[in-house]
Structure formats: C-alpha cells, structure tokens
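I sat down with this one to see where the empty space is and how a few residues are placed. Here are my notes, in the order I made them.

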Amino acid sequence: MALDASRYAELFRSESQDQLQTINRALLTIESARGDASSAATAAAVAEVFRAVHTVKGMSATMGYQAVAEYAHELESLLDRMRGEGAAVTMPVMDALFAAADALEHGIGEASEAAPRTEAMTNALHRLSGAFRAAGGENAVSDAARTGVTPGAAHRASGALHRVSGAVAAEPLVEADSGPTVVDPFDGPGVIIRIRQSATTTLPGVRAFIVTQKLAAIGEVAAVSPPLEQLQAAEAPQGFAVRLVTGADAAAIEAAVRSAGDVDTVHVDMLGRARKRAAGPADEPIAETTSARVRQVKIDLSRLDTMMNLVGELVIARGRLVQLTAGSPDPALDESVTQMAHLVGELQREITASRMVPVGQVFDRFPRMVRDAARGLGKDVRFEVEGRDIELDRSLLDEMAEPLVHLLRNAIDHGLEGPAERTAEGKPAAGTLFLSATRERSAVVIRVQDDGRGINRARVLERARVSGLVDAGVRDLDDADLLRCLAHPGFSTKDSVTGLSGRGVGVDAVVNKVRSLGGSVELHTALGAGSSFTLRLPLTVAIVRALLARAGGEHYALPLTHVRETLEWGPDSVRQVNGTDVLVLRDEVLPLVDLRDVVQLRGVRAANATREIVVVERGERRTGLVVDELLGQDEIVVKQFDAARGEATAAGLFTGATILADGAPALIMDLASLL
Amino acid sequence: MAHTVLICDDAIFMRTMVGDILQQAGFDVVGEAETGRDAVEKYKQLRPDLVTMDIVMPDMGGIDAVREITSFDPGAKVLMCSAMGQQALVVEAIQAGAKDFVVKPFQPSRVLEAVQRVLG
C-alpha cells in the first residue's frame with residue numbers, strides 16, 4: 001500500500017510540534033536539576049528527550065523527510081552517548097541542547113522530501129559535540145562526531161526509508177509507535193458505560209458524581225472520562241463514560257445508573273474495549289476529553305468552525321420552529337419537533353465538546369520562552385504552571401496565546417527584578433512567575449502573577465495626568481483605574497524600548513483582545529510585592545449561555561460568565577441610602593445600575609412596574625443591574641460586530657448581537673464594562 | 001403507612017415549603033430542626049424514614065449533621081437541600097452519606113422525584 005504523504009503532512013507537523021514541546025519541557029527539567037546529573041528526575045527527563053527525538057526520527061523517516069530523519073538520528077546518537085557516559089550538564093551543554101531542539105523545529109517546519117540538511121542542523125551538532133567535549137565527555141564526543149559523519153549512519157537512515165513502504169520495519173529507526181506511551185484509562189478489563197444526562201439536570205456535576213457512586217456499589221470504577229474531578233465540577237449537562245469492573249449484567253448496570261437520577265441515555269458496552277479494537281480506528285473513541293485523546297484526534301480547525309457556525313444557525317432555526325409549532329393540535333408534529341430539538345441540542349453539545357482542548361496545549365510553549373527571555377536579561381526566574389488540564393474552546397485558546405506571551409514577557413522585563421536588586425530587597429534571588437488556569441462556573445480564569453517590583457502607581461498617575469487621561473486633581477489610582485490607564489493605547493511608563501516588550505503590543509492590546517472575546521481583565525498590584533493579571537474568559541465564543549432581559553421594549557442578552565445570581569426587586573433587597581437605591585445582598589451593600597439608564601432608554605418606568613436585579617461580578621467587584629423583566633436563560637449564538645464599526649457604535653457596552661428564538665435581534669452586553 | 005420525614009432548615013419559610021410539598025404528597029412530617037445539632041438529636045429520637053437537610057445552618061452545618069446521622073444509623077436516608085453554587089459542598093455531603101439532593105428554588109415535582117429515588 002503506497003503512502004500518500006500529503007494526507008499525513010499536516011498530522012506529521014502537529015505531532016512533531018507535540019514532541020518538540022516534550023523535548024523543551026524535558027530540557028527545562030534537566031536544566032533545573034543541573035549539577036545533579038544522576039538524579040532520577042534528570043534521568044527520566046533525558047529518557048523523555050531521547051524518546052521524543054526518536055519518535056520524530058521515525059515519523060520524518062516515514063514521511064520521506066530524509067534530512068530531518070538523519071539529523072534526528074545523529075542527535076539521538078549524541079544523546080545516547082551523553083546518557084551512557086555521563087557528560088556533565090554544564091550551561092554551554094544546555095544551551096547547545098536547546099539550540100539543537102530549535103534546529104529540529106526549524107527543520108520540521110521546512111521539511112520536504114527534497115529539503116537538504118539545514119545549516120542550523122549542522123551547526124547544532126557541532127556545537128553540541130563541542131559542549132560535550134568541554135564538559136568532559138571526551139569519548140562521547142569522538143564517537144558521536146564519528147557517527148555524525150560516517151556514511152554508515154546515512155546509509156542506515158536511507159536504508160530504513162526504503163523499508164517503510166514494506167509492511168514490517170524491523171529497524172528501530174522507523175518504529176512508528178515508540179514515543180512516550182500514554183496509558184489509556186479505557187484500555188482494560190470491564191464494561192464501558194456511556195451516560196448522557198437530561199437537558200434539565202440541576203447541578204450536573206454532582207449528579208454525575210452520584211452515578212459513579214451508584215456504580216461503585218455494584219463493581220469497581222476503574223476509569224472515568226472526563227476525569228472525575230472535572231466531571232463533578234461541570235456546569236452543564238454532559239455526556240461521560242465509565243469503565244466498570246463488575247459481575248452485574250447490562251440491565252442491572254443501567255438500573256444502577258438510572259437510580260442516580262436525571263439520566264437521559266445509558267449505553268452499556270459489555271464487551272468494552274475488546275470490541276472497539278476489533279472494529280478498528282473508524283469506531284468513535286469514547287468521550288475525547290483527556291489530553292491523551294486530544295492528541296490522537298486531529299481535525300482541521302476550519303472544519304470545526306464551519307460546523308460550529310452551522311450548528312449555531314440550526315439552534316436559531318430550532319428556536320423559531322419550536323415557537324411556531326407551539327400549541328399545534330397535531331401531536332405527531334409536536335413529537336417530531338421535540339425530538340428534533342433534542343437532537344440539535346445533542347449535536348451542539350458534541351461539537352462544542354470537540355472544540356475544547358486543555359490549555360496546556362498553549363501553556364506548554366511558555367516555559368521555554370520564559371527561560372530564553374530571562375536568560376536574555378540576566379534574570380533568574382522560577383516559572384510555575386498550574387491547571388494545564390483546564391479546557392477551553394480551541395479558537396479562543398489560540399487567540400489567547402499572544403496576549404499571554406505579552407503578559408509573561410512584561411512580567412519578566414518590567415515586573416521581576418534582577419538577582420542583585422532582589423537580594424538587596426531581601427527577596428530570594430530567583431523571581432517567581434506563576435501562570436494558572438482555573439474553572440469558575442461558566443468561565444475559565446487565567447492568571448499571570450509575579451513577585452516582582454509591582455507597578456509604580458505614582459509614575460503611572462504622573463504620566464496619565466500629562467496625557468490628560470485623569471484630571472489634575474486626582475491623587476491616587478486604584479487597581480481598576482490603573483488598568484484603565486495602562487490599557488490606553490500607546491500608554492507606557494517605560495521610556496526605553498527593550499528587545500522583549502514595550503514594542504507595539506501593550507496592555508491595551510491584551511485588554512482589547514480579551515474583551516472582544518467576551519472576557520474581562522483585572523489587575524492587582526502592590527509596590528515591591530508584585531502584580532497579577534486575571535483574565536476571565538467564556539468557555540467558548542460561538543455559543544454562550546445567557547440571561548435574556550427586557551428593558552422597555554428591547555431585549556438584551558447577559559452572558560452568564562459575569563452573572564452571579566438574580567433577585568426580585570423588593571424591600572428585602574433594596575434600601576435607600578442618601579436618596580439612592582442600593583442593593584443589600586447578605587452583609588454586602590452593592591451599587592445599583594439601571595439597564596434603562598445604561599442603554600439611555602427614554603421614558604420612565606411605571607411606578608408599579610416589575611423590576612428584577614441581576615448581580616454582576618468580576619472578581620471581587622459586584623454590582624446590581626436593574627432590568628424590567630428576566631425572560632429566562634438560553635443558549636445564544638454570538639454574532640460579533642465588525643471590529644471597525646463595533647468600536648464606534650457599541651461604545652464598549654456590547655460584545656455582539658444575537659438572534660432570539662422569535663427571530664428578534666438582541667444585543668449582547670459586555671457586563672464587565674459595568675463594573 | 002405514610003413515610004415519616006424530619007425537615008432540617010434554619011429558615012421557617014423553607015421548612016414550611018418543603019413540609020407542604022411533602023405533606024401534599026402524603027408524607028407525615030414528624031419533626032423539624034433549625035440547626036445541625038438539633039437535626040442529629042431529633043433524628044436519634046424520631047428515627048424518621050427520610051431527612052431533608054439544608055447545607056448551611058448555624059450550630060453544626062448540614063454536612064457534619066449528615067456525617068453524625070449516618071454514623072449513628074448507616075441506613076439513614078438524607079436528602080440534601082442546596083442553593084445554586086454549592087456544587088462542591090453537595091459532593092461533600094454525598095460523600096458524607098447523603099443519598100440525593102434538590103436545588104433551591106424547589107419545584108415540587110423535582111423534590112418528589114428525589115424523594116422517590118431516596119426511598120426507592
């Protein structure tokens with residue numbers, strides 16, 4: 001069977017990128033443990049680099065990318081000697097290793113069957129040999145260098161290439177599946193149960209947890225996908241799968257699942273994975289939510305975008321159809337509309353789920369970037385990452401990569417001090433840079449935090465006064481004002497432009513980007529103690545859950561990302577303070593903002609008219625938004641404004657528009673702008 | 001014979017409402033408790049078929065009360081009453097031995113479904 005390379009080229013590139021990230025991550029581990037070449041962590045990391053390079057070699061050989069395959073092979077030989085003979089891991093060795101990884105990345109980017117070995121590859125191998133020699137691995141170097149130039153190596157590599165077209169390749173060079181193996185939690189004995197919760201499930205996460213408990217009562221729960229922790233934090237009804245080792249039959253298993261309540265469908269697969277294997281790769285894998293799965297299923301993103309758009313249109317059409325046929329005397333029509341509505345919902349959930357990827361896919365690029373940036377400035381930075389498994393819509397995550405790079409670089413460049421300054425301040429010489437992702441209700445919160453010098457308020461204030469951003473009388477800036485100033489286009493307190501940040505993309509670009517995605521940015525900073533930027537993002541951009549509210553005759557959509565709760569207007573909740581209405585929420589007094597005022601609606605609300613309050617929050621800040629009426633909760637399809645026009649017409653109040661079930665348009669409020 | 005119920009909530013309003021829903025469905029409300037400690041005492045005394053338990057109560061919260069009740073009687077059937085946003089607490093309550101939960105604001109049909117599951 002001939003190999004159609006073009007079909008696999010994209011897959012090769014994306015898989016290789018994964019391997020490169022593994023290599024970079026492992027190199028960072030080796031570097032951080034330097035001086036202790038014998039430690040278990042170092043040994044594991046070296047083995048990881050080795051495996052990843054080996055995998056790239058196998059893949060590129062399979063693709064017929066001979067130059068990359070040979071380079072990877074020689075690199076592997078060098079690493080093997082390094083492992084076997086234990087050259088000291090000096091700084092030049094580390095730098096040479098990183099350069100070798102870069103050359104590999106570059107080579108992969110340029111790879112084609114005809115592409116020759118790049119200069120960067122040749123240089124990288126020489127540099128690495130030289131660094132090893134200097135570090136005392138004399139034998140290693142001479143052997144490795146010889147391997148690098150003997151015709152034998154080239155012959156072995158090309159020989160292997162020819163064997164690829166044959167079915168079996170005994171030569172380790174082309175082992176296709178010798179990369180780091182990922183344990184599949186569903187690969188094992190037992191029954192695989194797929195469960196979908198009803199659309200009306202309340203606290204679906206808890207309900208799903210009860211399902212696992214009911215199953216634990218009749219067997220051993222061997223695996224859950226998505227992982228239990230993620231499952232029980234879910235906000236929306238979901239589908240999930242459980243591998244159960246049990247003697248119970250299918251009927252008993254289904255009864256146990258259903259006894260947990262709010263279960264829509266249960267599918268019990270008694271043969272489990274054994275049958276899946278036999279069915280081959282065309283059979284759908286189980287809920288692909290673990291990172292291991294995501295890596296295996298590669299779909300062209302534009303195709304997912306198209307699907308998402310189509311399903312969005314379908315959701316709108318469904319709403320119209322349901323409304324048009326409501327109250328129809330024909331039960332058969334009623335039934336088929338209900339069924340169709342349900343199926344559209346399923347389809348939408350599946351497509352949304354298939355777009356979710358762990359943030360680690362972007363976060364994992366950062367350690368290397370942080371290292372290089374810190375080295376460039378002579379700073380010592382400890383970089384910590386948390387919440388790599390938190391999932392976010394793929395396109396949203398891609399959009400966030402650049403703003404995050406900017407915030408991280410800003411922190412290294414302006415925030416964190418050099419070792420001397422830190423020591424003088426009584427701080428540890430190494431600065432800490434912390435990047436985390438957490439899930440909070442219908443939002444994902446990403447935080448970039450440093451323990452550096454913090455932002456100099458006085459300096460920002462002075463500058464803001466000069467440029468007329470604040471009145472001359474303003475004495476102090478709180479965190480929110482500070483962010484507003486920094487986010488002003490072109491505002492910078494750094495006079496000199498460094499190689500890292502301060503060039504073009506500023507905090508304003510970060511804030512604009514996040515807001516255009518329906519999210520918000522919050523800043524906390526303290527002089528001498530550091531700064532943190534908190535970015536709150538919706539889980540997905542295309543379809544979001546929102547409250548529908550009325551003010552006058554207009555309808556508005558309020559995304560749940562920033563909604564905390566809703567209240568009736570009444571003497572219990574609303575008090576008068578100095579002639580102004582305020583909201584008393586438990587022990588807290590919150591300002592009230594009337595949606596009618598916000599959208600500058602003419603006309604006065606009748607004295608006896610109903611009113612309801614939506615508590616809007618961003619981090620610690622809360623405010624009550626008064627609306628005429630709440631019309632319920634719905635999934636809305638977000639149509640973004642054209643960038644150019646949106647700025648002028650929406651005046652920063654709206655992030656987009658949507659079409660409601662009755663066909664009427666509604667504006668989507670940027671709730672964070674009210675805070 | 002009608003099933004007996006103990007209703008635990010620090011708000012009279014909530015106790016009344018849950019009581020009405022259950023009484024209309026034919027349950028026999030044998031007691032009410034305002035605190036977690038009260039709930040544990042009354043459970044030992046009344047041995048009801050079903051307990052409805054609020055999560056946040058003064059003098060021992062609902063979760064600790066569930067723990068004490070189920071350690072006293074492993075067969076106790078406790079239904080948690082939760083507000084929105086208490087997802088993690090509800091999980092903790094289930095781990096502590098509660099059998100099911102309902103979310104405020106209560107819809108009678110939802111409460112009865114949950115009760116049926118707990119007793120069934």
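**Entry 1: the largest cavity.** I began by asking where the largest cavity lies in this predicted model. Domain 4 (359-538) and domain 5 (543-674) of chain A both contribute residues to its lining, so the cavity sits between them. I noted a volume of about 160 Å³ for this space. Its lining has 17 residues, and Leu517(A), Gly518(A), Pro538(A), Pro559(A) and Thr655(A) are the ones nearest the centre. I then sorted the lining by type and got nine nonpolar residues, seven polar and one charged.

**Entry 2: the other cavities.** How many cavities of 30 Å³ or more does the whole structure hold? My search turned up three. I looked at the second largest as well, and its volume came out at about 60 Å³. The lining here consists of Ile23(A), Leu27(A), Val49(A), Val53(A), Leu75(A), Leu79(A), Leu97(A), Ala100(A), Ala101(A) and Leu104(A). By type, that makes 10 nonpolar residues, with no polar and no charged ones. I wanted to know which helices supply them, and found that helix 1 (5-32), helix 2 (40-63), helix 3 (66-85) and helix 4 (91-110) of chain A each give at least two. Helix 4 of chain A gives the most, with four residues.

**Entry 3: chain A overall.** I stepped back to take stock of chain A and counted 23 helices and 23 strands. Of its 675 residues, 48% count as buried. I also checked the contacts in chain A with a separation of 6 or more, and 70% of them join residues 24 or more positions apart.

**Entry 4: two strand residues.** Is Ala549(A) buried or exposed? Its relative accessibility is 0%, and because the cut-off for buried is under 20%, Ala549(A) counts as buried. This alanine is in strand 12 (residues 543-551) of chain A. Setting aside neighbours within four places in sequence, I listed its contacts as Glu554(A), His555(A), Tyr556(A), Leu558(A), Val627(A), Glu629(A), Leu630(A) and Leu631(A). I also took a C-alpha separation: Ala549(A) and Gln633(A) are 84 residues apart along the chain, yet 9.2 Å apart in space.

Next I turned to Glu384(A), which belongs to strand 6 (residues 381-386) of chain A. With a relative accessible area of 29%, Glu384(A) is partly exposed, because that label covers values between the 20% and 50% limits. Beyond the neighbours within four places in sequence, Glu384(A) touches Thr432(A), Leu433(A), Phe434(A) and Leu435(A). Its C-alpha atom is 9.8 Å from that of Gln449(A), 65 residues away along the chain.

**Entry 5: helix 4 of chain B.** What do the buried residues of this helix pack against? I first picked them out of residues 87-96: Gln87(B), Val90(B), Val91(B), Ala93(B), Ile94(B) and Ala96(B). They pack against helix 8 (204-216) of chain A, and also against helix 3 (62-72), strand 4 (78-82) and strand 5 (100-103) of chain B. After the helix comes Gly97(B), with a positive phi near 125°.

**Entry 6: confidence.** Last, I wrote down the scores. Chain B averages a pLDDT of 89, and 98% of its residues reach at least 70. For the model, ipTM is 0.85 and pTM is 0.50.

Technical notes. Residues numbered from 1 in each chain as written. Chains lettered and ligands numbered in written order. Predicted model: local features only at pLDDT ≥ 70, side-chain atom pairs only at ≥ 80, totals over all residues. Heavy atoms only, no water. pLDDT = per-residue confidence, 0-100. Buried < 20%, exposed > 50% of the residue type's maximum accessible area, 1.4 Å probe, protein only. Contact = heavy atoms within 4.5 Å. 1 Å grid on protein atoms, 1.4 Å probe; cavity = no way out; pocket = protein on both sides within 12 Å on 5 of 7 lines; lining within 4 Å. Points joined across faces, edges and corners; volume = space filled by probe spheres on them. Nonpolar A, V, L, I, M, F, W, Y, C, P; charged D, E, K, R; others polar. Domains from an automatic or database assignment.
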